[in-house]
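This report describes the architecture, helix packing and selected local features of one protein chain. The structure is shown below.

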Amino acid sequence: MLPLNILACFWLLCIGGFCSMFIIQQFPKIPSVLWNLISYGKARNLREEKTRKRSSLDKLLDLPKQWFTHFYAVSVICNGFLLFKLFEVLFFHGHMPNWYMDLLRFLTNFPLQTPKASHLSIVIAIALLLFQGIRRLYECLFVSSYSSSTMHVAHYILGILFYALAGMSVLSEGPDFRKPAPFDNAWQVVQQVEWFNVAGIIVFFWATYHHHVAHKIFAGLRKGDRDRSHRIPRGDWFELVSCPHYLAEILIYVALVMVLGFAHPMSYLVLGFTASNQVFASISVHAWYQKTFDNYPKGRRAIIPWLI
C-alpha cells in the first residue's frame, strides 16, 4: 500500500507528469515553449520546426547539459551526511539532528510503528546511493565529454530535488533513529544481513558496471575536448538498446528496492520516478538516433531489449 504524505505525493506527481509528457510528445504540433519543457538533450532537436522557432524565453530557460554534475554533488553531500550520522547513531551513541528529524516528520509518515526495513538495510541503501553519487560525479568531471545539448531549468530543479530527497525517502520507513540503536557492537548489526541485501548489492554493482561502461563508450565517441558531434555508439549493451545507461540506472534503483527487502513502499516510488523518466526519455532518444543515422542498427530497442 502506497503511503500518504507530502514526499510520496511529490513522487507520484512527478511520475504522472512524466507519463503526461510522453503522451503530449505524440501530438504533431506543440507550442515551442511546451516542447522545450518536455524534451531533453539531443532529443530536443528531434523536431526541426521546433528548433527554428525558439524564442528568447526558451533560450533563457535553457541550461548546459553538463550541469548534471550539480545533481551528483548534491547526492554526495546529502547521502554522505546521512551515512555519517547513521554510523554515529549505530556505533558511537550519536543522534540524528533535530532539524532533520523535524523535516522528515513533516514530509513523511516517520516514524512508523512497524519499520519497513532493518537498520542494516537502511545503512546499505544509503551507502549505495552515496557510492552512485560519487561515481557519477567522478564520471561527469573526468570521463564524460558533453555535447552542446541543453536541458530546461525545470529538469535541472527536478534533478536537484530527486538527489536531495532519495535518501530521505529511504530513511523515512526505517527504524526510529532518534532512539539509541539496540546494538552493542558491529557484529550485532552485521547479523541482520538477509539474502535480499546480498542479492541487491550484486544487482547494484552489476548495473553500475554497465552504467559506467556506457558512459565510457559515449566519451570515446568524441575526438578531443572540442568535438561536439554525435556518432552511433557500439559495444556492450548498446548492441541491444539505444540507452543502456538509462536501463542500468533503472536496475540500480531496482537493486535499492531489493536491498530494502521489497517491503519499503517509498523505495518503489523512487524507482517509479526513475523508470518513468528514463523510459520516456529513451524513446525520444531512440527516435532521434533513427532519424539522424540512416545506418542505425534495425534490431536495437530504446531501453528494454527485444521489447521497448
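## Overall architecture

Read from the N terminus, the elements of the protein follow the order α-α-α-α-β-α-α-α-β-α-α-α-α-α. This amounts to twelve helices and two strands. The model is a predicted one, and the values reported here are computed from it.

The protein has 308 residues, of which 53% count as buried. Its exposed surface is about 15000 Å², with 66% supplied by carbon and sulfur atoms. Among contacts with a separation of 6 or more, 79% join residues that are 24 or more positions apart.

## Annotated transmembrane regions

An unreviewed UniProt entry lists residues 6-24, 71-92, 112-132, 153-172, 192-209 and 237-262 under "transmembrane region". Two of these spans can be set against the secondary structure of the model.

Residues 6-24 are 100% helix and 0% strand, and the C-alpha atoms at the two ends are 26 Å apart. For residues 112-132, the helix content is 67% and the strand content 0%, with 27 Å between the end C-alpha atoms.

## Packing of α6 against α8

Two packed helices are described by the angle between their axes and the distance between the axes. Helix α6 (residues 98-107) and helix α8 (residues 153-171) pack at an angle of about 80 degrees, and their axes are 11 Å apart. Angles from 65 to 115 degrees count as roughly perpendicular, and α6 and α8 are therefore roughly perpendicular to each other.

On the α6 side, the contact involves Y100, M101, L103, L104 and L107, which meet L165, M168 and L171 of α8. The residues of this contact comprise eight nonpolar, no polar and no charged.

## Packing of α7 against α10

The axes of α7 and α10 cross at roughly 5 degrees and come within 12 Å. Because angles under 35 degrees count as roughly parallel, α7 and α10 are described as roughly parallel to each other.

From α7, the contact draws on L120, S121, I124, L128, F131, Q132, R135, R136 and E139. The partners in α10 are F196, N197, I201, F204, F205, T208, H211, H212 and H215. By residue class, the contact of α7 with α10 divides into eight nonpolar, seven polar and three charged.

## Individual residues within helices

I6 belongs to helix α1 (residues 6-25). With a relative accessibility of 42%, I6 counts as partly exposed. When residues up to four places away in sequence are not counted, I6 touches F106 and L107. L107 also takes part in the contact of α6 with α8. The C-alpha atoms of I6 and N109 are separated by 8.9 Å, although these residues are 103 residues apart along the chain.

K85 is located in helix α5 (residues 68-91). Is K85 buried or exposed? The cut-off for a buried residue is under 20% relative accessible area, so K85, at 14% relative accessibility, counts as buried. Beyond its neighbours within four places in sequence, K85 is in contact with H95, M96 and P97.

Y138 lies in helix α7 (residues 119-142). Its relative accessibility of 45% places Y138 in the partly exposed class. Y138 and Y72 are 66 residues apart along the chain, and their C-alpha atoms are separated by 9.0 Å.

## Backbone features in the loops

Most residues other than glycine have a negative phi, and most peptide bonds are trans. Three loop positions in the model are of interest in this respect.

The peptide bond from F110 to P111 is cis, with omega near -5 degrees. P111 is situated in the loop between α6 and α7.

D236 is not a glycine, yet it has a positive phi of about 50 degrees. D236 sits in the loop between α10 (195-220) and α11 (244-259), and with a relative accessible area of 34% it is partly exposed. F262, likewise a residue other than glycine, has a positive phi near 65 degrees. The loop between α11 and α12 (265-292) contains F262, which counts as partly exposed at 37% relative accessibility.

Definitions and conventions. Residues numbered from 1 in each chain as written. Predicted model: local features only at pLDDT ≥ 70, side-chain atom pairs only at ≥ 80, totals over all residues. Heavy atoms only, no water. Axes fitted to C-alpha atoms, helices over the stretch in contact; angles between N-to-C directions. Helix = DSSP H or I, 4+ residues; strand = E, 2+ residues; numbered from the N terminus. Parallel < 35°, antiparallel > 145°, perpendicular 65-115°, else oblique. Contact = heavy atoms within 4.5 Å. Nonpolar A, V, L, I, M, F, W, Y, C, P; charged D, E, K, R; others polar. Buried < 20%, exposed > 50% of the residue type's maximum accessible area, 1.4 Å probe, protein only. Areas by Shrake-Rupley, 256 points an atom, 1.4 Å probe, with all protein chains shown as cover. UniProt positions renumbered as here; feature names shortened; annotations may be inferred.
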